[in-house]
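Here is a friendly walk through one protein model, for a reader who likes to keep the viewer open alongside the text.

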Amino acid sequence: MKKKCRIFCFFLLLFPAAFAVAAGAVEPQRTGQNTCYDLDGTIIDHDGTGQDGDLQAGLVWPDPRFADNGDGTITDNLTGLIWLKDGKCLEPMTWQAASEMSRQQTVPGKFQCVGITEPGSCWSLPEVQELETLVNAEEIHGDRWLNVHGFREIQPGPYWSATFGPDSYNAWSVNLTSGEVVKSPMVDYHHVLLVHRPAVSVSPRAEESTEPEARPHSESGSRFVDNGDGTVTDNRTGLMWLKAADCLANNDWSQSLEQVKRLNQQGIECRELSAVFSDWALPNRHELRSLIDHQTDLPALAENPFVGLQPLYWTSTTVSVQPDMAFVIHFGTGELRMTSKKMSNFAWAVRPAAGRRVRARIPDKTEIPVVKLEHFQLRPIGEAREISWPPRRFTDLDDGTVIDNLTGLMWLKDVECFNKRQWYYADFYLKQLNSQSAKITCREYSAAYDDWQLPDIETMMQVVSAANGEPAAWLTRQGVVDARPRDYWTVTANEYNLYYAWAVNLRQGTPRNYPKDFRLYLWPVRHQQAIDPVKPELALLGNGARERVVLGQGEELDISVTVDNVSAPVMADYYLCYESPDGSFWWLSADGNWLGQETALYQGNIFEVAGESVFLADTTGLVSGNYNFHFKIKPCLDQGNEDRLFVSDLLVCLGASLPPDGIVE
């Protein structure tokens with residue numbers, strides 16, 4: 001049975017489209033987008049816009065979309081694919097490492113995937129088309145949407161696919177947060193989510209099987225058919241395209257949509273075009289990407305029956321996380337990226353060859369009634385914002401070292417202390433720092449620690465991944481000295497080549513592989529040990545006041561916190577909650593929302609905070625009464641120390657004055 005499974009998976013990996021072609025044209029699925037936006041990103045009524053959120057073209061999603069199998073796996077009811085439920089159990093790795101794991105077709109025992117009961121069930125790396133089916137173009141955070149719908153700890157950022165590019169250096173990745181599909185250097189570290197392809201495909205749903213088959217097929221077996229009227233039909237998808245890909249002028253996004261409207265209403269002058277249809281549309285991201293061949297570039301088409309092909313084309317799909325942008329496809333590289341709707345790109349009209357089906361649409365946001373909020377729940381002023389803690393990543397310890405407030409790791413403040421060295425000699429210089437620090441001329445260094453080491457690739461990437469812009473410049477702003485936008489060695493050797501090791505570039509923030517005899521910079525790190533339990537002093541403030549604050553209804557409430565007297569770095573959980581007048585509790589989450597169940601605001605190292613605002617509240621509509629706020633830090637202590645809970649309270653009296661004696665009942 002295991003052998004059959006492997007043969008079947010191998011066949012699908014080689015010929016991912018074979019079954020689709022053999023069974024006839026397969027319509028691209030819906031993108032999930034059901035909201036329409038204008039050029040500036042404002043939500044508008046969908047009717048007649050021709051946007052993705054208006055037409056909602058494509059295969060309708062089943063409801064529910066996903067099913068939890070109870071064994072650590074999730075089945076996608078749309079595609080029939082079975083996915084690992086735990087999106088974090090496989091650590092970030094290079095494409096080569098992920099590909100090797102895929103060839104083994106098992107989940108290695110060293111990874112602890114939550115709930116998985118059968119680790120050897122023909123697991124493999126997904127093809128890029130399979131991975132992209134997990135993207136929901138309506139969602140601002142695609143990773144969170146997947147986690148809400150059954151997955152666990154899907155990570156923000158790119159995931160590797162098994163699909164390699166037209167050269168031997170790049171492979172395709174899909175960003176499950178933003179929805180971008182790009183080629184990445186195979187040496188980059190990306191997340192990995194394995195898939196299992198059942199030997200028996202899922203039967204088409206009744207809605208699809210009862211539709212008439214009206215898709216043309218060419219007698220020659222070619223994918224594309226020139227209809228002789230200025231149009232070309234794709235037999236694989238059943239979509240019809242304008243043969244001249246430059247018929248519609250180079251324009252911004254809104255004007256491109258208007259051009260397609262004019263094509264439907266009046267027609268346009270375009271070479272060879274004699275066909276007359278009134279259901280042309282700007283293609284959504286799935287429709288336009290259906291033309292892409294991932295192993296070809298310049299252009300990224302396996303066959304090219306078209307004329308006048310241009311580099312960049314608009315899709316009708318808005319980028320939900322930044323709705324003043326839309327997705328574009330570069331037909332030189334095949335990549336799907338986002339760009340401002342005010343930029344100029346070409347438009348390419350498409351329609352279903354069998355005619356546009358009438359299907360029930362998912363309501364957009366303008367059609368959804370406003371839900372009345374709980375009377376005791378605070379509302380954010382403006383949009384809820386994700387709380388980015390710590391406010392300052394590093395703390396200067398005034399001895400030539402800095403503490404990473406997120407991880408508790410201690411770094412040498414002088415990042416250029418050892419200049420450029422070969423990887424082989426890194427251990428020699430670190431031994432000198434550990435045993436003969438007086439002979440080392442690292443700037444400001446007066447400490448005498450004896451456990452400095454070279455960071456591994458994961459530790460180094462954890463630091464640079466938080467950078468805003470160039471990592472070297474960001475580190476300098478954070479308080480380190482002489483961070484160079486160059487490559488820095490890590491202790492991680494290349495497991496496939498004994499003569500190479502990994503480094504991290506502080507200009508681009510990417511990992512790179514170098515021969516060990518190259519001269520690169522060294523930046524030592526050490527694990528700080530907390531000998532005594534920390535005893536932080538907390539203060540929860542309301543509009544700058546401690547213990548209690550009196551507000552009239554409709555007044556703003558600025559909730560802030562202060563943390564002092566942090567003697568050592570210790571990992572902890574932070575909580576902020578309030579008890580409403582009816583006795584119910586509301587907990588602030590990291591993304592700025594109040595939830596009715598206990599949730600941590602922040603999980604990380606304890607660090608000092610000076611009046612950091614965590615929530616700006618609108619009290620309009622709240623009932624009068626007393627609201628008891630609690631800010632808590634619970635350290636995760638080891639070494640036999642008993643866990644302690646540190647708490648600061650704040651009483652908010654809303655809609656009532658304090659009694660004359662100052663006592664609130």
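What follows covers strands and sheets, then salt bridges, and finally a surface patch and the cavities.

The model is predicted, so local features need pLDDT of at least 70 and side-chain atom pairs count only at pLDDT 80 or more, while totals for chains, interfaces and linings use all residues. Residues are numbered from 1 along each chain as its sequence is written, and side-chain values use heavy atoms, with hydrogens and water left out.

**Strands and sheets**

Let us begin with an open sheet of four strands, ordered β3-β4-β5-β9 with antiparallel pairing. Its edge strands, β3 (66–68) and β9 (195–196), each pair on one side only. Strands here are DSSP runs of E with at least two residues, helices are runs of H or I with at least four, and both are numbered from the N terminus. Two strands pair if DSSP finds at least two bridges between them. Within this sheet, β4 (residues 73–76) and β5 (residues 82–84) are joined in the antiparallel sense by three bridges, and isoleucine 74 faces tryptophan 83 in β5.

Next comes a hairpin: β7 and β8 have five residues between them, and glycine 179 in the turn shows a positive phi of about 90 degrees. The antiparallel strands β7 (residues 170–175) and β8 are connected by five bridges, with alanine 171 opposite serine 184 in β8. How well covered is strand β8? Four of the five residues in β8 (residues 181–185) are buried, where buried means under 20% relative accessible area, exposed over 50%, and partly exposed in between (1.4 Å probe, protein chains only).

**Salt bridges**

The structure holds 27 salt bridges, each defined as a side-chain nitrogen of Lys or Arg within 4 Å of a carboxyl oxygen of Asp or Glu. Three of them are set out here.

| Acidic residue | Basic residue | Closest N to O |
|---|---|---|
| Glutamate 27 | Arginine 357 | 3.9 Å |
| Aspartate 40 | Lysine 342 | 3.1 Å |
| Aspartate 226 | Lysine 243 | 2.7 Å |

In the salt bridge of glutamate 27 with arginine 357, glutamate 27 lies in the loop between α2 (18–22) and β1 (36–37) and arginine 357 in the loop between β18 (350–352) and β19 (379–380), so the pair ties together parts that are 330 residues apart in sequence. Glutamate 27 counts as buried at 18% relative accessibility, whereas arginine 357 is partly exposed at 26%.

Aspartate 40 and lysine 342 both count as exposed, at 51% relative accessibility for aspartate 40 and 52% for lysine 342.

In the third pair, aspartate 226 is partly exposed, with a relative accessible area of 38%, while lysine 243 counts as buried at 12%. Elsewhere, Asp86, Lys88, Arg152 and Glu153 are joined into one network by salt bridges that share partners.

**Surface patch and cavities**

Tyr424, Tyr425, Phe428, Leu498 and Tyr499 make a nonpolar surface patch of about 640 Å². Patch residues have over 30% relative accessible area and no salt bridge; like charges are joined within 9 Å, and nonpolar side chains (Val, Leu, Ile, Met, Phe, Trp, Tyr) within 5 Å. Tyrosine 424 sits in the loop between β23 (420–422) and α10 (426–435) and is partly exposed, at 45% relative accessible area.

Finally, a search of the whole structure finds three cavities of 30 Å³ or more. A cavity is a set of points on a 1 Å grid over the protein atoms alone where a 1.4 Å probe fits but cannot get out, and lining residues have an atom within 4 Å of a point. The largest cavity has a volume of about 80 Å³. Its lining comprises 16 residues, of which Asn136, Ala137, Glu139, Thr177 and Ser178 lie nearest the centre.

Methods. Accessible areas come from the Shrake-Rupley method with a 1.4 Å probe; for residues, only the protein chains shown count as cover. On a 1 Å grid over the protein atoms alone, a cavity is a set of points where a 1.4 Å probe fits but cannot get out, and a pocket is an open set with protein on both sides within 12 Å along at least five of seven lines; lining residues have an atom within 4 Å of a point. Grid points are joined across faces, edges and corners, and a volume is the space filled by probe spheres set on the points.
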